Structure formats: structure tokens, C-alpha cells
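Student: Could you take a close look at the aromatic rings here, and at what surrounds them? I would like one connected account that I can follow with the model in view.

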Amino acid sequence: MKKILLTGAAGFIGSNTATALLGRGDMVVGVDNLNDYYDPARKHSNLEEVRAAAPEPEKFIFHKADIRDEAAMDALFAEHAFDSVIHLAAMAGVRASIEDPRLYFDVNLNGTLTLLDAAQRHGQPPFVFASTSSVYGRTKVIPFIETDRADRPLAPYPASKRAAELLGYSYYHLYKQDFTALRFFTVYGPRGRPDMMAYLVLDNIFHGKEVPLYNNGQMHRDWTFVDDIVQGIVAAADRPLGFEVINLGRGKPTLLADFVSMIEELAGKRSNLIDRPMPAADMEYTYANIERAQELLDYAPTVTVEQGVRRFWEWYQRTMLEGERS
């Protein structure tokens, strides 16, 4: 059994990661500030599902805390001898970061610094950091590969994540802190955030929510099901690698318009999305080279987009639509 600190434990990827860790017998100390970026009730619901997945109640310990709180983070590291740290907590969203860049840098960079400082003082457990494919900007190197300079971010969100990657290298260089940055590519699946495209399309279909379809859906995304991402996260937590940057995607881009069509077919209804020009902070293409993940993490995504969309639709029906009817 390993004892793992998991930040962002109440969120989309975090709660799925917690469930996976508990399922293999680990003890998870979860941290989340339950902010209102989206309805905190959704996060509380995620936590209840995580608690239900714990084979024993004491295997999951949750702390409502902010990763920028130096005293709180230091106390956690002092209390627990962590075998590894999985740092998923962040302010998410490329477009939203344009509205409040200071908050994004405070949480995503300063929060990471606070955790790295605490780790450095308390045994230096291997550190897994959630980064993003958007650090690549509008690179001409396709598929995206980790050796790309990734020095032209298009918005504060990817800039903050890239800065945190560089900070991780500094701590590796100075203190030999193991630091693995995982660059996630368009994650979707059960417990997805309400601002994510799969969720938005269904909200448009069933609730009439106004949703833009940028560039008329003529944008490719490397849609990656959350279970595959979690597989990579857990593998990274088990393998101290020094300093590494690793892509986690499916490695098979899908046209956004086709992704929307899959959702419409399952729902049995057409969406009414509004065509909008692609924002300045957006990218036409994301496509992961996953060779490094395969080599270092034995990473092997197994869920096709068709399978993943169906599983997301089944979750949405069960959790959102049936919940509204009851």
C-alpha cells in the first residue's frame, strides 16, 4: 500500500484518479478547495463517489484546503510520509484564464511552488504534475512531441503550466526532486466539468444552453478518455524518473464536428450550436506523440472515441437527466 497526496481530488480527473488508487489498495490524502469555478455541489458529489469506492473509510482522507496555503500544506507533509504526490489542482480553462491571469498564475504557479517547497522539506516524494497540451501553442511540429520548445503559449493558462514545468526542473536540478510533468490532451468522460465540450453539447440539446461551435467544428482534438489518462497518472506516480515531460493523449485526433455528431446520434437529437470564429487563444489541431509515454510508463490507451462518448453519454443520462427527473 502506498500513501499518496492527491491535489484537486474533488475535480474531474482528480476524483477518477482517487477512485483508481483506492481500487488498488492505496491510501489517498485528498486536497481540494472546492472553489466555485463550477458548482461546488458537483465536487461534493464526486467526493461521495470516491468515499463509496474506498474499501475502508480510513483509506481516503479529505482536507478542504488551498494549495497556496503554506502552513496547511507543510502540516500535511509533516503529518504523512507520502510515497508520491499527484498534483492535479489548478485553475483550468484556456479562455477563462484571459479574464483573470493573476489568479491563474497565483494558483497554478505559486500553488505548485508551495507544494514543491513542502516536498523538499519532507522527504522529497516523487512529484507528478498535471500539465496541458496547450503549452505547444500553434506549433508546426505535428504530432506534438515533448522535445518541442513549447515557448509560445497562447493564453495565461498554458503559460502558467509551462512556467510550473520549468519550476519543476529547477527543483530537480537543485534538490534532485523527481518531477514528471504530464501534458494532458483533451480529456473527457464521467464527472467531466460542465465547461467541457462533451458536456456542453448535451446541455445544449437537453437544456437549450447557448453553446458556440468554433470554426464550425473544423478543429481536430486528440480526445482522450479519462480512464486512459488516469492509467498514465498512476503509472507516473509509481515510477520516479528524475525530470521528465510526457504527453498523455490517445494519439489519434478526431474532428470536433465528428465528435459532436457522435453525441447527437446517441442522444437521438440534434444540437443547436452557434458557429463562432476560432478565438485567438485556441488551436486548430492537437495531436499527441505518445511514444515517450509508451516507453517510460507502459502507457496504452484502450478506449476509442466511439466507446468513450458512449460511456460519457450513459453517465450523463444516469447522473444528470435521471437526477433532474427524480
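Tutor: Let us begin with a definition: a charge sits over a ring if NZ of Lys or CZ of Arg is within 6 Å of the ring centre and within 35 degrees of the ring normal. Please keep in mind throughout that this is a predicted model. By that definition, the charged end of Lys 43 sits over the ring of Tyr 38, at 4.6 Å from the ring centre, and Lys 176 lies over the face of Tyr 172, with 5.1 Å to the centre of that ring.

Rings also meet other rings, and the structure holds 24 aromatic pairs. One of them is formed by Tyr 188 and Phe 259, an edge-to-face pair whose centres are 5.6 Å apart and whose planes make an angle of 85°. This pair links distant parts of the chain, since Tyr 188 belongs to strand 7 (residues 187-188) while Phe 259 belongs to helix 9 (residues 256-267), 71 residues apart. Both Tyr 188 and Phe 259 are buried. For Phe 312 and Trp 315, the ring centres are 5.7 Å apart and the planes stand at 35°, so this pair counts as tilted. Here the partners share one element, helix 11 (residues 305-325), where they are 3 residues apart, about one turn of the helix.

Trp 315 deserves a longer look, because its relative accessibility of 4% makes it count as buried, and Phe 312 is buried too. If we leave aside neighbours within four places in sequence, Trp 315 is in contact with Arg 42, Pro 190, Arg 191, Gly 192, Tyr 199 and Met 320. Of these contacts, Tyr 199 is one of the buried residues of helix 7. In that helix (residues 197-207), 9 of the 11 residues are buried, so the rest of the structure largely encloses it. Just after helix 7, Gly 208 takes a positive phi of about 70°.

Some rings are joined into a larger group: ring pairs link Phe 127, Phe 129, Tyr 169, Tyr 172, Phe 179 and Phe 243 into a cluster. Tyr 172 in this cluster is the ring over whose face Lys 176 lies. Phe 179 leads us to strand 6 (residues 179-184), which is largely enclosed by the rest of the structure, because 6 of its 6 residues are buried. In a regular strand the side chains alternate between the two faces of the sheet. In strand 6, Phe 179, Ala 181 and Arg 183 point one way, whereas Thr 180, Leu 182 and Phe 184 point the other way.

Strand 6 has partners as well. It runs parallel to strand 5 (residues 127-132), to which 6 bridges join it, and Thr 132 stands opposite Phe 184. Between these two strands the chain passes through helix 6 (residues 156-175), in a β-α-β crossover that is right-handed. Strand 6 also pairs in the parallel sense with strand 11 (residues 243-248), over 6 bridges, and there Ala 181 stands opposite Val 245.

Finally, Phe 184 is among the residues that touch the most other members of the largest nonpolar core, which has 74 residues, and Ile 13 and Tyr 316 are also among them. Another core, of 27 residues, lies apart from it and includes Leu 5, Val 31, Ala 118 and Phe 179.

Terms used. Residues are numbered from 1 along each chain as its sequence is written. This is a predicted model: local features need pLDDT of at least 70, side-chain atom pairs count only at pLDDT 80 or more; totals for chains, interfaces and linings use all residues. Side-chain values use heavy atoms; hydrogens and water are left out. Rings of Phe, Tyr and Trp (its six-membered ring) pair if their centres lie within 6.5 Å; planes under 30 degrees apart count as stacked, over 60 as edge-to-face and the rest as tilted. Helices (H or I, at least four residues) and strands (E, at least two) are DSSP runs, numbered from the N terminus. Buried means under 20% relative accessible area, exposed over 50%, partly exposed in between (1.4 Å probe, protein chains only). A nonpolar core is a set of buried Ala, Val, Leu, Ile, Met, Phe, Trp, Tyr and Cys residues joined through side-chain atoms within 4.5 Å. Contact means heavy atoms within 4.5 Å. Two strands pair if DSSP finds at least two bridges between them. A crossover is right-handed if, with the strands pointing away from the viewer, the path from the first strand over the helix to the second runs clockwise.
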